[in-house]
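Q: Please take a close look at the salt bridges of this structure. Which residues do they pair, and where do the partners lie?

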Amino acid sequence: MNPLPHLEEHITRIAEEGYTILPDAIEPELVDEIEEALPKLEHHLGTVPADNLFEGVRTMRVYNLLVHGATFEKIPVHPNVLPVVEAVLDPGLLISSLSSIAIGPDEQAQPIHADDQLIPLTRPHVPIICNTMWAITDFTEENGATRLVPGSHLWDEAPNPLEHYETIAAEMRRGSVLVWVGSLWHGGGANHTDTRRVGIAMNYCAGYIRQQENQQLGIPPKLVKTFSRRLQELVGYSVYNGLVGHIDKQNPAKVVLAENEGVDMVWDLLKT
């Protein structure tokens, strides 16, 4: 159930192949809770598929999940997943986005892409993004398991979303988690079954990189005040290496949330 005893093996696999799978990492009760909550949320929000091939014309996506209930607050800080991502990036990481992806029947494969290819850095480079996909249903080649190009994170180019590439399917059981570095070429698979393939995309970025979803504007501070301190840090009420992200020389958790614990700044360590 707990992959942490094999943490070094997972980190090595991510470094070499660009990804790893944490089998049965999430307790069944939480998977059940998420699976029950998503259809209700989609109905409440009137969610419909997008009109573009990247998001999918038969795929239901809900973004900014942290504003939609305590169930989703458990995801970013899960003890069987977060330590793996922290080892790829570092503990100063941030939540980049948290969304659901339900690939419907007859959906075609998503274009192959890298999650960091819009960031203008020479490739290959140190990991700046590390993303995870939680399997809320079984992921199979037939129902749209994520497609991967192993080792592509070490290449000196990004993929062309209009081209076809040889891939493998990241098949995994319900409750397992796929972890991959942002430079890895990948994409959602085609669903050739009559049921949905449901996943949670829990994505992280380095603390010095701008987040994909604007957490500070997208989540009301009143709600953030109810989060655990670690979750507050992950959404951005923190500073990276004691400096990056401050407000007038102070930690934003202190300025906005009135938090005092664990909000030291770099210059606090240099006082005479």
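A: A residue is called buried under 20% relative accessible area, exposed over 50%, and partly exposed in between. With a relative accessible area of 38%, lysine 74 is therefore partly exposed. The model examined here is a predicted one, and its salt bridges come to ten.

Lysine 74 is paired with glutamate 33, their closest N and O atoms being 3.1 Å apart. Because lysine 74 belongs to the loop between α3 (70-73) and α4 (82-88) while glutamate 33 sits in helix α2 (residues 28-45), this salt bridge ties together parts that are 41 residues apart in sequence. Glutamate 33 is partly exposed as well, at a relative accessible area of 27%.

Helix α2 also contributes glutamate 42, which forms a salt bridge with arginine 196 at 3.0 Å between the closest N and O atoms. Arginine 196 lies in the loop between β8 (186-187) and β9 (197-205), so the pair links parts that are 154 residues apart in sequence. Glutamate 42 is buried, with a relative accessible area of 7%, whereas arginine 196 is partly exposed at 27%.

A further salt bridge joins glutamate 233 and arginine 230, with the closest N and O atoms 3.0 Å apart. Both residues lie in helix α7 (residues 229-235), three residues apart, about one turn of the helix. Arginine 230 has a relative accessible area of 23% and is partly exposed.

Finally, a network of salt bridges links Asp32, Glu35 and Arg174.

Notes
Residues are numbered from 1 along each chain as its sequence is written. This is a predicted model: local features need pLDDT of at least 70, side-chain atom pairs count only at pLDDT 80 or more; totals for chains, interfaces and linings use all residues. Side-chain values use heavy atoms; hydrogens and water are left out. A salt bridge is a side-chain nitrogen of Lys or Arg within 4 Å of a carboxyl oxygen of Asp or Glu. Helices (H or I, at least four residues) and strands (E, at least two) are DSSP runs, numbered from the N terminus. Buried means under 20% relative accessible area, exposed over 50%, partly exposed in between (1.4 Å probe, protein chains only).
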